[in-house]
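Trainee: I should like to learn how to read individual features of a structural model. May we work through an example together?

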Amino acid sequence: MTIDYDRLYLAGQWTEPATEHRIDVHSASTEELLGAVPEAAEADVDDAVAAARRAFDDPAGWSRWEPHQRADVLERFAVALEKRAQETARRVTVQNGMPISLAQQFEGGFPPVLLRYFSELVTCSPQEETRPGMLGGSSRVIREPVGVVAAVVPWNVPQAITFLKLAPALAAGCTVVLKPAPETVLDAMLMAEAAAEAELPAGVLSVVPGGRELGAYLIAHPGVDKVSFTGSTAAGRAIAETCGRLLRPVTLELGGKSAAIVLDDANLSETIESFFAATLLNNGQICWLGTRVLAPRSRYGEVVDAVTDLARSLAIGDPLAETTQVGPLVSARQRDRVESYIAKGRGEGARVTTGGGRPAGLDRGWFVEPTVFADVDNQHTIAQEEIFGPVLSVIPYGDEDEAVAIANASEYGLGGSVWTADPDRGESVARRVESGTIGVNAYANDPTAPFGGIKSSGIGRELGPEGLHSYQVFKTIYLDPSKG
Ligand code: NAD
C-alpha cells in the first residue's frame, strides 16, 4: 500500500495545490514506489510566505506572544510528534535507507527533545537586559525574532535537521516555510500532520515539497527575512550569493571531510562502537563523519586492520531490521556517485582492503559495501572530496604535528575526532584542528552545544543558545537619560 497525499500543508490548512504535479518517492532498499505527494508550485510558495508574513506581522500574533504561550503550543507539537515517532522513523528508513535503530533515535526521538529544549531556553533565559551606559544613561537590549524563515533541508537525516531549524525558530517567535528534499517528503508530511493536530496558529508553519528550483525561489522570496539551509556546499554557495545580494541573514550547514585522528596510544578495540558512530553512521550519509582516518606510521598496519575488520563486521541489509548497521544509499544517483569515487580511489593508487563493490545477495536497492582504502595520500580525490557513502580512507602520518597538518589540509572544517588513551592529550590535539566541532573518543551533537562548520562547511551555528540566537535580532533602546 502506498502513502499518498493530495493536499499541501500551507498556513495551518490542508490546501488544494496550485498544480497537479506530484513527487514520487521510492524505497531505497526495494526501489518500489512508496507514495506520492503534491509538488508545490511557486504560487503555493507565494501563499505560504504571505501567510507566514501575516502571522509574523500580526501585532497580537505568534511573534508577540509571551514565550510560555508559544512553549504550550510547541509542547502539543512535541506530543503529536511522539505519537508518530515510530511511523516517522519507519518512513525515513524506507525512503533513505537509514538503519531503523538509528532512525528511531534521530528521526523519531530527537525532534520532540529539540522542541522542548528550545522552548525552555526561550522561556527560562532573559530575552532582554538593561545595561548601564558610559554616557550617563542606560540601554535596553532586546532579542526579537528575526521574522519569516525559509528553511531548506536535505534527505540524509531529514527530521532531525528540520527540527534543528524549526525548534529554535518557532520558540523564538519566527514563522517558517519549510522545503523538504524530494527524496524524503513522506516524513515531512507526517510532521505536518502533527503540526495540524497541535493546532499551530495559521501561517506559523507551511511545508512546500519541491526540488532545487523551488528552493531557490523560496530563499529569494521578497517576503522572507532569514534563510536556514542544510545541504551541499555547491548549493550553499549559490544560496549565499543570493542572500548576499539581498543582504538577507543566512545560516549554512554544508559538506564535510572530517578527520578521525588515531593517536599512537589509542586502543581502538575498546572504543570501536564509538569509532563506528563517528565514521560510518547512517551508511556514511552524514556531513560530520570522520571519513579520513589518520593513523600513525608506527601502527599503520594495525589501524588499517582494525578499520578493515570493523567495516567487514557490519551487518548490511534491510534497513527495517533492528540488527542492520548499514542500509542502502538514498538513490541510484547517490550510489553511482559513491561508486565513481571508489573507482577514482583505485585509479589514484589507493588500495581497497575491504568492500569496493555491491554486497552479494542484495540485488534490489542501492547498496554499496562498506569500503576501506589504505595507502591514501591526503591529496587524493577520495581524501579531499565528500563522498557521502560508507567509504573510509586511512592516511598515514609521522608525528602529532603532521597529523594536525593533514587534518587541516582540507577545504572543509565541520566535524572530527581524536582517539587516544589520554583524554587530555586528545583535547590538546582537538584544539589544534580547524573545525567547528570535534570529539575525543566519541562524536555526538549535543543539543546544548553549538554545531556548525568553518571554511567550506558553512556559516553560523545550530543548537545551543547560539542556535537560538541565529533566529533573533538585537534591538537597542537608549533609555531617556533624564529618567535614570
Ligand atoms: P543538496 O544541496 O543537493 O540539497 C539539499 C536541499 O537543498 C534539498 O532540499 C534541495 O532540493 C535544496 N536545494 C538544492 N540546491 C538548491 C538551491 N540552489 N537553492 C535552494 N535550494 C536548493 O544536498 P543533498 O545532496 O540533498 O544533501 C547532501 C549534502 O548535505 C551533503 O553535502 C552533506 O554534507 C550536506 N549536509 C550537511 C549537514 C550539516 O549540518 N553541515 C547536514 C546534513 C547534510
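Trainee: In which loop is A40 found?

Mentor: Please bear in mind that this is a predicted model. A40 is found in the loop that lies between β5 (33-38) and α1 (42-57).

Trainee: Is A40 buried or exposed?

Mentor: Burial is judged by relative accessible area, and under 20% counts as buried. The relative accessible area of A40 is 4%, so A40 is buried.

Trainee: Which residues does A40 touch, not counting those up to four places away in sequence?

Mentor: On that basis A40 touches L8, V208, P209 and L214. In addition, the C-alpha atoms of A40 and P17 are 6.6 Å apart in space, although the two residues are 23 apart in sequence.

Trainee: How should one read the side chains of a strand, and which way do those of β8 point?

Mentor: In a regular strand, side chains alternate between the two faces of the sheet. In β8, V148, A150 and V152 point one way, while V149 and A151 point the other way. Five of the five residues of β8 (residues 148-152) are buried, so this strand is largely enclosed by the rest of the structure.

Trainee: With which strands does β8 pair in the parallel sense?

Mentor: β8 pairs in the parallel sense with β9 (residues 175-179) over five bridges, and with β11 (residues 226-230) over four bridges. A150 illustrates both pairings: its bridge partner in β9 is V177, and its bridge partner in β11 is V227. Moreover, β8, helix α5 (residues 158-172) and β9 make a β-α-β unit that is right-handed.

Trainee: How is the packing of two helices described, and at what angle do the axes of α2 and α4 cross?

Mentor: Two packed helices are described by the angle between their axes and the distance between the axes. The axes of α2 (residues 67-83) and α4 (residues 100-124) cross at roughly 170° and come within 9 Å. Angles over 145 degrees count as roughly antiparallel, so α2 is roughly antiparallel to α4. Among the residues in contact are L74, F77 and L81 in α2, and L115 and V122 in α4.

Trainee: How many disulfides does the structure hold?

Mentor: A disulfide requires two cysteine sulfur atoms within 2.5 Å. The structure holds zero disulfides. For C124, the nearest cysteine sulfur is that of C174, 19 Å away.

Trainee: Why does C174 form no bond with C243?

Mentor: The sulfur of C243 is the closest cysteine sulfur to that of C174, but at 15 Å it is too far for a bond. C174 is buried, with a relative accessible area of 0%, whereas C124 counts as exposed at 61% relative accessibility.

Conventions:
Residues numbered from 1 in each chain as written. Predicted model: local features only at pLDDT ≥ 70, side-chain atom pairs only at ≥ 80, totals over all residues. Heavy atoms only, no water. Buried < 20%, exposed > 50% of the residue type's maximum accessible area, 1.4 Å probe, protein only. Pairing = 2+ DSSP bridges. Right-handed = clockwise from strand over helix to strand, strands pointing away. Axes fitted to C-alpha atoms, helices over the stretch in contact; angles between N-to-C directions. Parallel < 35°, antiparallel > 145°, perpendicular 65-115°, else oblique. Contact = heavy atoms within 4.5 Å.
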